[in-house]
Structures are given as C-alpha cells and as structure tokens.
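Reader: I would like a close look at a single part of this model, with each term explained as it comes up. Please keep the account plain.

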Amino acid sequence: MALNNSVIGGQLAINNINNQVIIVQVFISMFLCINCLLITTFFMKDIFYTTMRYILFAIALLSDSLFLLITNVLLILSYFSFTIQVWLCVIIYIVLSVYTFVTPVTLTAMTLERYVAICIPLRHAELCRTQRALHFILIIHGLSSVPCIVILSIFFASAIPSFYTQSRICAVEMFIFHRWQGHLRSAISQLFFLIMSITIVFSYVQIMKVAKAASGENKKSTWKGLSTVVLHGFQLLLCLIQLWCPFIEAAVLQIDFMLFINVRYFNYITFILAPRCLSPLIYGLRDEMFVNALKYYALCGLYKKHSTACSFIRF
C-alpha cells in the first residue's frame, strides 16, 4: 500500500511539472509574439527609431525577448535533464547574465529620460538626441556586464581546465564553488538595484514637484510621466525580489522537494517572466502614437482586404 501511494504521488508530481512547463510555454510564446509585433512596429515608422524614449523602449523589448528565449531553452533542457559541456554553458551564462541587468538598467535610463523631458525640458533635445543613442546603448550594456565580469573572473581563476569539458545541466550554481561567491554575487546585484532604486525615487520626487506646479495640458502630460515612473519602479521591485528567490528556494528545498518545485515555478512566473512582460503595457500600450501605429500595421498584416487601403495611408 505504501509503495502504491508513493508511485501515485510520484506520477502526480510528474503530471504537475508537465502542466507547469506547458503553461510556461504558452505564456512565453504569447509574450514573444507581442514583443515581435511591437519591435516590428518600432522599425516601420521613422519617428520611433529617431526618438530616444522609443529607442530605449526597443532596447528593453529586445532584451526581454532574448532573456525569455534563453531562460525558456534552459528550462526545457533542465526539464529533460539534458546536459551540455561547461564551456557552452559559460557562453549562455554570459549572454543571460548581461541581459538580466540590461532591462533594469534600461528602465532606469527611461526614467531619467522622463525626468529630463519634464524637469529640464530645455536641455532634453541636447541630452537625448538620436546621435547619442549608440553611446547610451554601449553604456547600458557596459554597466550590465559588470556583475558577469566579476563572477566569471572568479570562476576562471578557480576552475581547472578539465572542468570546461565536463557535461552538466546548465545552471548558474555551477559557477559558484564557494558560499562567499554567492554572497558576493548577491551583494553586487543588490548594490546595482539600490543605485537604480535611488535614481527612480529621485526622479519621482522631482517629477511630482513639477506636476503639482503644472497646469492644463502640461499637468496631464506630467502626471502621465509620473505614472510611468511608478510603473518602472514596480518593475524594478519585481526584479529586485528575484535576487532573493535562490535563498528562499534553498531554504524550502530542505523542507520538501515538491514544495520547492512549486515555489520555484511561482518565482519564475512572478519575478522573472512578469517584469519582462510589463514593458509592452507600460510603453507600447499606453502611448497613443505607438498604439495607433500598432493597430495600423496589425490590421494590415491580418486582413488582406485592407492591404490596398493601407498602402495609401501615410503617418
């Protein structure tokens, strides 16, 4: 009887994990399709790729899409217990580690762009001109690479050459040989997010002051910018909570394995997928100009009978 109960429990656990993986595939497929449509819209209209805030929005979309794609591949590999050589996992880790930070750093840059546009509008054209876009992209990726460089520098100094040819399930834990490395990784991440949080709070306070003093259309525009900063802050909070997930999961693992699986699934959906899926809502679907362009290209792509009419429309 005990053996039968154990077998039934194991089968239920497997079915539960199967359902969770399928649900994740549905969510990721849906969000990747939305992001692809938004990115296509961005490149179809010149006002978008010549305006700094839309350029930053596109960086966030591309970063989120790549992040979702790689994490999903790793999830599937882990689900099937598929092993790869460590050197290949290092390459995957470099990309994933950098783009883990690209989104929150870009959010901070977008908040600063709103701060400049609202609080010091006379300098907005100078500071946020399109010619500086490449500089901003390089700065964002440079800052996002710092944690990866620190972690991998310690890893390369600690790992023996034969370790790179071993086959393992690709996970970030393989790059941490000592407990203090995990603490260092967490400390660097939290320092980053502390600086970003201070930046967002500062921008919020300054925009709030301008909003209270504004009137008419300026007041409406300022309050919309303020709500955007609040949503950026919420995204950043979810990203920050993500840093605590490994500690929570490690503690739960000591209690019950199935509880660990469920907690890890909840954390993945809430603190990894959700922050990356808020960008389309915050900018793409709240921006009137972008929504109009999105509707135009979506309808022209879906209905052939409108294709002739669409070809004559000019924005």
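Where is the place of Thr100?

Author: Thr100 has its place in helix 3, and the account below stays mostly with that helix. The model is predicted, so local features need pLDDT of at least 70 and side-chain atom pairs count only at pLDDT 80 or more, while totals for chains, interfaces and linings use all residues. Residues are numbered from 1 along each chain as its sequence is written, and side-chain values use heavy atoms, with hydrogens and water left out.

First, the setting. The protein has 12 helices and two strands. Here helices (H or I, at least four residues) and strands (E, at least two) are DSSP runs, numbered from the N terminus. Along the sequence the pattern reads α-α-β-α-α-α-β-α-α-α-α-α-α-α. Of the 315 residues, 41% count as buried; buried means under 20% relative accessible area, exposed over 50%, and partly exposed in between, with a 1.4 Å probe and protein chains only. Among contacts with a separation of 6 or more, 78% are between residues 24 or more positions apart, where contact means heavy atoms within 4.5 Å.

Now back to Thr100. With a relative accessible area of 18%, Thr100 counts as buried. Not counting residues up to four places away in sequence, Thr100 touches Phe67, Gln242 and Arg276. Thr100 and Ser145 are 45 residues apart in sequence, and their C-alpha atoms are 9.6 Å apart in space.

Ser145 leads to the next topic, the packing of two helices. Two packed helices are described by the angle between their axes and the distance between the axes. Helix 3 (residues 86–119) packs with helix 5 (residues 133–158) at an angle of about 145°, and their axes are 7 Å apart. The axes are lines fitted to C-alpha atoms, for helices over the stretch in contact, and the angles run from 0 to 180 degrees between N-to-C directions. This crossing is right-handed: a crossing is left-handed if the near helix is turned anticlockwise from the far one by less than a right angle, and right-handed if clockwise. On the helix 3 side, the residues that meet helix 5 include Val86, Val90, Tyr93, Ile94 and Ser97. On the helix 5 side, they include Ser145, Cys148, Leu152 and Phe155. The residues of this contact divide into 18 nonpolar, five polar and no charged. In that count Ala, Val, Leu, Ile, Met, Phe, Trp, Tyr, Cys and Pro are nonpolar, Asp, Glu, Lys and Arg are charged, and the others, Gly among them, are polar.

Helix 3 also takes part in the largest nonpolar core, which has 65 residues. A nonpolar core is a set of buried Ala, Val, Leu, Ile, Met, Phe, Trp, Tyr and Cys residues joined through side-chain atoms within 4.5 Å. Phe155 and Phe175 touch the most other members of this core. Helix 3 is one of the elements that give two or more residues to the core, and others include helix 1 (2–44), helix 2 (52–79) and helix 6 (179–213). The largest share, 13 residues, comes from helix 3. Phe175, leaving aside its neighbours within four places in sequence, is in contact with Cys89, Val90, Tyr93, Leu152, Phe155 and Gln181.

Cys89, in that list of contacts of Phe175, is also part of a disulfide. A disulfide is a covalent bond between the sulfur atoms of two cysteines. The rule used here is a pair of cysteine sulfur atoms within 2.5 Å, and by this rule the count comes to one. The disulfide joins Cys89 to Cys170, with 2.0 Å from S to S. The link is right-handed, with 85° about the S-S bond. Cys89 lies in helix 3 and Cys170 in the loop between strand 2 (167–168) and helix 6, so the pair ties together parts that are 81 residues apart in sequence. Cys89 counts as buried because its relative accessibility is 0%, and Cys170 is buried too, at 12%. Cys33, by contrast, is in no disulfide: the nearest cysteine sulfur, that of Cys36, is 6.5 Å away, which is too far for a bond. Cys33 counts as exposed, at 56% relative accessibility, and Cys36 is partly exposed, at 45%.

Finally, helix 6 holds Ser203. Ser203 is buried, with a relative accessible area of 0%. Leaving aside its neighbours within four places in sequence, Ser203 is in contact with Thr111, Leu112 and Tyr115.
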